[in-house]
Amino acid sequence: MDRFSGGTPEGREQVISQEPIGRMGQPEEIANAVVWPCSDASSFTVGHALVVDGGQTV
């Protein structure tokens, strides 16, 4: 985050304001997306590109 924000609170708020969902993703949210394809919950999923970016590419 420091690389994008310049390491300042103001810079951090500016980066966050550009997120469509209004906040930064949490490590647990990324981990959930990684674990899901390995679970039985995705048993009918084949060849899907899962984008986990808080809406940046929408």
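**Entry 1: alanine 49**

I began with alanine 49, which I found in the segment after helix 3 (27-35). I note here that the model is predicted. Is alanine 49 buried or exposed? Its relative accessibility is 65%, so alanine 49 counts as exposed, because the cut-off for exposed is over 50%. Next I looked up its separation from proline 20. These two residues are 29 residues apart along the chain. Their C-alpha atoms are separated by 20 Å.

**Entry 2: the whole chain**

I then turned to the secondary structure. How many helices and strands does the protein chain have? I noted 3 helices and 0 strands. Along the sequence I read the pattern α-α-α. The radius of gyration came next. It is 15 Å for the protein chain, well over the 10 Å that the globule rule gives for 58 residues, so the chain is more spread out than a compact globule. I also looked up the box that the C-alpha atoms fill. Along the principal axes, it is roughly 45 × 20 × 15 Å.

**Entry 3: inside and outside**

I checked burial for the protein chain. Of its 58 residues, 12% are buried. The exposed area is about 4900 Å². Carbon and sulfur atoms supply 57% of that area.

**Entry 4: helix 2**

I went on to helix 2, which covers residues 9-17. Which of its residues are buried? I wrote down Gly11, Val15 and Ile16. Looking down the helix axis, I saw that the buried residues fall within an arc of 135°, so they line one face of helix 2. I looked at the other side of helix 2 as well. There, Pro9, Glu10, Gln14 and Ser17 are exposed.

**Entry 5: the largest pocket**

My last search was for pockets. The largest pocket has a volume of about 160 Å³. Which residues line it? From the earlier part of the numbering I listed Glu19, Ile21, Arg23, Met24, Gly25, Glu29 and Ile30. I added Val52, Asp53 and Gly54 to complete the lining. I sorted the lining residues by type. They divide into 4 nonpolar, 2 polar and 4 charged.

Technical notes. Residues are numbered from 1 along each chain as its sequence is written. This is a predicted model: local features need pLDDT of at least 70, side-chain atom pairs count only at pLDDT 80 or more; totals for chains, interfaces and linings use all residues. Side-chain values use heavy atoms; hydrogens and water are left out. Helices (H or I, at least four residues) and strands (E, at least two) are DSSP runs, numbered from the N terminus. The radius of gyration is taken over C-alpha atoms; the globule rule is 2.2 Å times the number of residues to the power 0.38. Buried means under 20% relative accessible area, exposed over 50%, partly exposed in between (1.4 Å probe, protein chains only). Accessible areas come from the Shrake-Rupley method with a 1.4 Å probe; for residues, only the protein chains shown count as cover. On a 1 Å grid over the protein atoms alone, a cavity is a set of points where a 1.4 Å probe fits but cannot get out, and a pocket is an open set with protein on both sides within 12 Å along at least five of seven lines; lining residues have an atom within 4 Å of a point. Grid points are joined across faces, edges and corners, and a volume is the space filled by probe spheres set on the points. Ala, Val, Leu, Ile, Met, Phe, Trp, Tyr, Cys and Pro count as nonpolar, Asp, Glu, Lys and Arg as charged, and the others, Gly among them, as polar. The arc is that of the directions from the helix axis to the C-beta atoms.
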